[in-house]
Amino acid sequence: MAQAAAVAKPPAPPRRRRASATPRRLPYLLIAPAALLMLGFIAYPVISVFYYSLQNYNPTKPWRNGYAGFDNFVHAFTDDPQFWDTLTFSAQWVFVEVGLQLLFGLALALIVNQTFVGRSLGRALVFSPWAVSGVLTSAIWVLLYNSQTGITRYLADMGVGEYGTSWLSDTSTVFPAAIVADLWRGVPFFAILILADLQSVSKDLYEAAEVDGASRIKQFWHITLPHLKDAIVLSTLLRAVWEFNNVDLLYTLTGGGPAGETTTLPLYIANTSVDAHNFGYASALTTVAFVILLFCSMVYLRLSKFGGGDK
């Protein structure tokens with residue numbers, strides 16, 4: 001018994017210290033200030049738009065301000081033909097612009113993806129218009145379309161057309177003229193994204209296709225295009241949203257004219273809020289535009305099966 005008591009008990013294992021929660025929370029604490037600022041800059045305007053869409057708010061007519069409920073939305077859908085006209089033109093503008101930009105961007109990406117002398121310079125020239133702002137792009141094309149010193153003057157000198165012709169003042173030519181101006185700036189966006197995806201395609205696939213006797217068209221249809229699916233879906237979605245919200249180019253180029261022929265829904269919203277000071281109704285139109293874009297984007301992504309990985 002005495003000997004057993006004399007035997008020393010083995011020391012107890014050291015207790016594990018609970019890992020401090022601070023290191024795990026540190027990254028979140030570091031990004032919290034920036035996240036709060038971004039949340040404030042994004043959430044506050046969005047909430048304000050939703051709030052004012054239910055109000056009659058015009059600073060120049062304060063006696064009419066107050067809660068309006070859904071009157072602004074009812075007015076837009078039932079009593080405002082300009083809303084439907086601008087929405088229809090916006091859809092037309094987006095469809096034509098995105099379609100043509102995708103077509104020309106894909107063609108340019110395929111060209112600059114080839115190996116040729118001066119390829120780096122060619123890529124720089126192709127991508128450079130994307131670095132130009134919308135207002136500056138408009139200024140460039142306003143000068144090009146000038147009836148006294150622009151393209152029409154030189155065409156008239158060659159016997160094509162008449163002197164003093166202004167494509168931006170004619171309802172039959174203003175739409176294609178605006179389309180060409182925005183194409184110049186928008187095509188490089190598609191070319192950049194598609195080229196980046198093209199360079200990730202394995203050359204072994206093309207070599208195997210050539211061994212099997214596949215033509216260039218079949219290689220493009222069965223190898224290149226399926227691989228570019230996600231890039232095309234993403235680029236067309238982003239560009240469609242940007243083109244729908246395009247205000248700077250059309251405002252500077254045509255001002256929505258002539259006779260409202262080039263007035264998009266966002267430009268109509270800008271005129272309603274800035275010129276007419278009807279911020280309540282403009283907020284309701286903005287809410288409608290937001291819902292339309294959200295719904296169309298969800299449907300487009302669902303139908304296109306974006307990210308499905310079936311390349």
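## A tour that starts in helix H11

Select Glu 243 and Arg 239 to begin: the two sit four residues apart in helix H11, about one turn of the helix. Keep in mind as you go that this is a predicted model. Show the side chains of Glu 243 and Arg 239 as sticks, and you will find them meeting in a salt bridge, with 2.9 Å from N to O. Side chains of opposite charge can pair when their charged atoms come close. Are Glu 243 and Arg 239 buried or exposed? Both are buried. Enjoy this stop, as the structure holds one salt bridge.

**Along H11 to the second largest pocket**

Stay with helix H11, which spans 229-244, and add helix H4 (81-112) and H14 to your selection; each of the three supplies at least two residues to the lining of the second largest pocket. This pocket has a volume of about 470 Å³. To centre your view, pick Val 94, Phe 95, Ala 240, Val 241 and Cys 296, which are the closest to the pocket centre among its 18 lining residues. Which helix gives the largest share of this lining? Colour H4 to see the answer, with eight residues. Now colour the lining by residue class: 14 are nonpolar, four are polar and none is charged.

While Ala 240 is on screen, add Leu 293 and draw a C-alpha to C-alpha distance, which comes to 9.2 Å for a pair 53 residues apart in sequence. Leu 293 belongs to helix H14. Its relative accessible area is 18%, so Leu 293 falls under the 20% cut-off and counts as buried.

**Out to the surface of H14**

Next, select Phe 290, also a residue of helix H14. Phe 290 has 43% relative accessibility, which means that it counts as partly exposed. Extend the selection to Leu 37, Met 38, Phe 41, Ile 42, Val 46, Phe 50, Val 291, Leu 294 and Met 298, and together with Phe 290 you have a nonpolar surface patch of about 1,000 Å². Helix H2 (22-52) and helix H14 (279-304) are the elements that give two or more residues to this patch. H2 makes the largest contribution, six residues.

**The largest pocket**

Move on to helix H9 (203-211) and helix H10 (216-227), each of which supplies at least two lining residues to the largest pocket. The space inside is about 570 Å³. Zoom to Asn 113, Gln 114, Tyr 206, Gln 219 and Thr 224, the closest to the centre of the 16 residues that line this pocket. What classes of residue make up the lining? Five are nonpolar, six polar and five charged.

**Backbone stops**

Most residues other than glycine have a negative phi, and most peptide bonds are trans. For a cis peptide bond, go to Gly 257 and Pro 258, where omega is about -5 degrees. Pro 258 is in the loop between helix H12 (248-253) and helix H13 (265-275).

Ala 259 lies in the loop between H12 and H13 as well. Look at its backbone: phi is positive, about 55 degrees, although Ala 259 is not a glycine. With 77% relative accessibility, Ala 259 counts as exposed.

Finish at Lys 305, in the segment after H14. Its phi is also positive, near 55 degrees, in a residue other than glycine. Lys 305 counts as exposed, at 57% relative accessibility.

Conventions. Residues are numbered from 1 along each chain as its sequence is written. This is a predicted model: local features need pLDDT of at least 70, side-chain atom pairs count only at pLDDT 80 or more; totals for chains, interfaces and linings use all residues. Side-chain values use heavy atoms; hydrogens and water are left out. Patches are made of residues with over 30% relative accessible area and no salt bridge: like charges are joined within 9 Å, nonpolar side chains (Val, Leu, Ile, Met, Phe, Trp, Tyr) within 5 Å. Accessible areas come from the Shrake-Rupley method with a 1.4 Å probe; for residues, only the protein chains shown count as cover. A salt bridge is a side-chain nitrogen of Lys or Arg within 4 Å of a carboxyl oxygen of Asp or Glu. Buried means under 20% relative accessible area, exposed over 50%, partly exposed in between (1.4 Å probe, protein chains only). On a 1 Å grid over the protein atoms alone, a cavity is a set of points where a 1.4 Å probe fits but cannot get out, and a pocket is an open set with protein on both sides within 12 Å along at least five of seven lines; lining residues have an atom within 4 Å of a point. Grid points are joined across faces, edges and corners, and a volume is the space filled by probe spheres set on the points. Ala, Val, Leu, Ile, Met, Phe, Trp, Tyr, Cys and Pro count as nonpolar, Asp, Glu, Lys and Arg as charged, and the others, Gly among them, as polar.
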